[in-house]
Amino acid sequence: HDEVVFIAEDSGNPSVKMYKFFELMAKNDVCYNEFENFYYEYIKDVNDFENKNNIKVLELKKDTYNQYASSLNELLHKLNQKYNNNLYYKFFFWDSYQLYVQKSGVTKFRNAINPNNIFGTLIAYKLFYVGCSRAKKTLKIIVKRSKLDGFYNEFKDKIQKLGFDVLEQID
């Protein structure tokens, strides 16, 4: 198509975390293959633990969490050791892991391990790439400025480095 308009939106079903992708892209040099490899390796590590212990970590309740707390702590520690130099791990899990270490609990555990944000962000990357690659002459990307709070300047700089002109409209 000569002109493509890409309207950025998040979605819950299917999980599309477009603004999480924009934040990841703005703050890091993202490589799709590395990102995808991290996701599948991370999922494999979590699935291996689940299969070995016959539990689903995202379905844990307080009582089952307490029953497996030692093993769950060990799992988070091993994941942190394995991925502590990985930019995707740091982006998605470092803050949640630190909160869990300060005060453990089932909710903080799920936040520190939940792969759904990675998946939704990976899907957003794919959609963004496909949407952008369809434009022959003109590509317009429409974003909500309010959803870029906290990383707007980084986002703007990254988009400009990629060759985009940034036009701002105040509502």
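This report walks through the charge pairs, one enclosed helix, the nonpolar core and a surface patch of a single protein chain. Keep in mind that the model is predicted.

**Charge pairs**

Let's start with a bit of background: side chains of opposite charge can pair when their charged atoms come close. Search the whole structure and you find 12 salt bridges. Here are some of them, with the nitrogen-to-oxygen distance for each.

| Positive partner | Negative partner | N to O distance |
|---|---|---|
| Lys147 | Asp10 | 4.0 Å |
| Lys20 | Glu23 | 3.9 Å |
| Lys158 | Asp29 | 3.2 Å |

Take Lys147 and Asp10, whose side chains meet in a salt bridge. This pair links distant parts of the chain, with the two positions 137 residues apart: Lys147 sits in the loop between β2 and α7, while Asp10 is in the loop between β1 and α1. Lys147 is partly exposed, at 35% relative accessible area, and Asp10 is partly exposed too, at 36%.

Now look at the Lys158 and Asp29 salt bridge. Lys158 belongs to helix α7 and Asp29 to the loop between α1 and α2, so the pair ties together parts that are 129 residues apart in sequence. Which partner is buried and which is exposed? Lys158 is the buried one, with a relative accessible area of 15%, whereas Asp29 counts as exposed at 65%. There is also a small network to spot: salt bridges that share partners join Lys20, Glu23 and Lys27.

What about Lys20 and Glu23 themselves? They are 3 residues apart in helix α1, which means about one helical turn separates them. Lys20 is partly exposed at 29% relative accessibility, but Glu23 is buried at 17%.

**Helix α1 and its surroundings**

Why can we say that α1 is largely enclosed by the rest of the structure? Because 8 of its 10 residues are buried. Glu23 is one of these buried residues, and the others are Met18, Tyr19, Phe21, Phe22, Leu24, Met25 and Ala26. So what covers them? The cover includes strand β1 along with helices α2, α4, α6 and α7.

**The nonpolar core**

In soluble globular proteins, nonpolar side chains tend to be buried together. Here, the largest nonpolar core has 49 residues, and the ones touching the most other members are Met18, Phe22, Tyr42, Phe109 and Ile113. The elements giving two or more residues to this core are α1, α2, α3, α4, α5, α6 and α7.

Zoom in on Ile113. Leaving out residues up to four places away in sequence, Ile113 touches Tyr42, Val46, Val57, Leu58, Leu75, Leu76, Leu79 and Phe93.

**A meeting at Ser96**

Ser96 is part of helix α4. How far apart are Ser96 and Asn111 in space? Their C-alpha atoms are 6.0 Å apart, and in sequence the two are 15 residues apart. If you set aside neighbours within four places in sequence, Ser96 is in contact with Asn111 and Ala112.

**A nonpolar patch on the surface**

Finally, head to the outside. Val5, Ile7 and Ile142 form a nonpolar patch on the surface, and together they have about 270 Å² of accessible area. Ile142 lies in strand β2, which covers residues 138-142. With a relative accessible area of 44%, Ile142 is partly exposed.

Technical notes:
Residues are numbered from 1 along each chain as its sequence is written. This is a predicted model: local features need pLDDT of at least 70, side-chain atom pairs count only at pLDDT 80 or more; totals for chains, interfaces and linings use all residues. Side-chain values use heavy atoms; hydrogens and water are left out. Patches are made of residues with over 30% relative accessible area and no salt bridge: like charges are joined within 9 Å, nonpolar side chains (Val, Leu, Ile, Met, Phe, Trp, Tyr) within 5 Å. Accessible areas come from the Shrake-Rupley method with a 1.4 Å probe; for residues, only the protein chains shown count as cover. Helices (H or I, at least four residues) and strands (E, at least two) are DSSP runs, numbered from the N terminus. Buried means under 20% relative accessible area, exposed over 50%, partly exposed in between (1.4 Å probe, protein chains only). Contact means heavy atoms within 4.5 Å. A nonpolar core is a set of buried Ala, Val, Leu, Ile, Met, Phe, Trp, Tyr and Cys residues joined through side-chain atoms within 4.5 Å.
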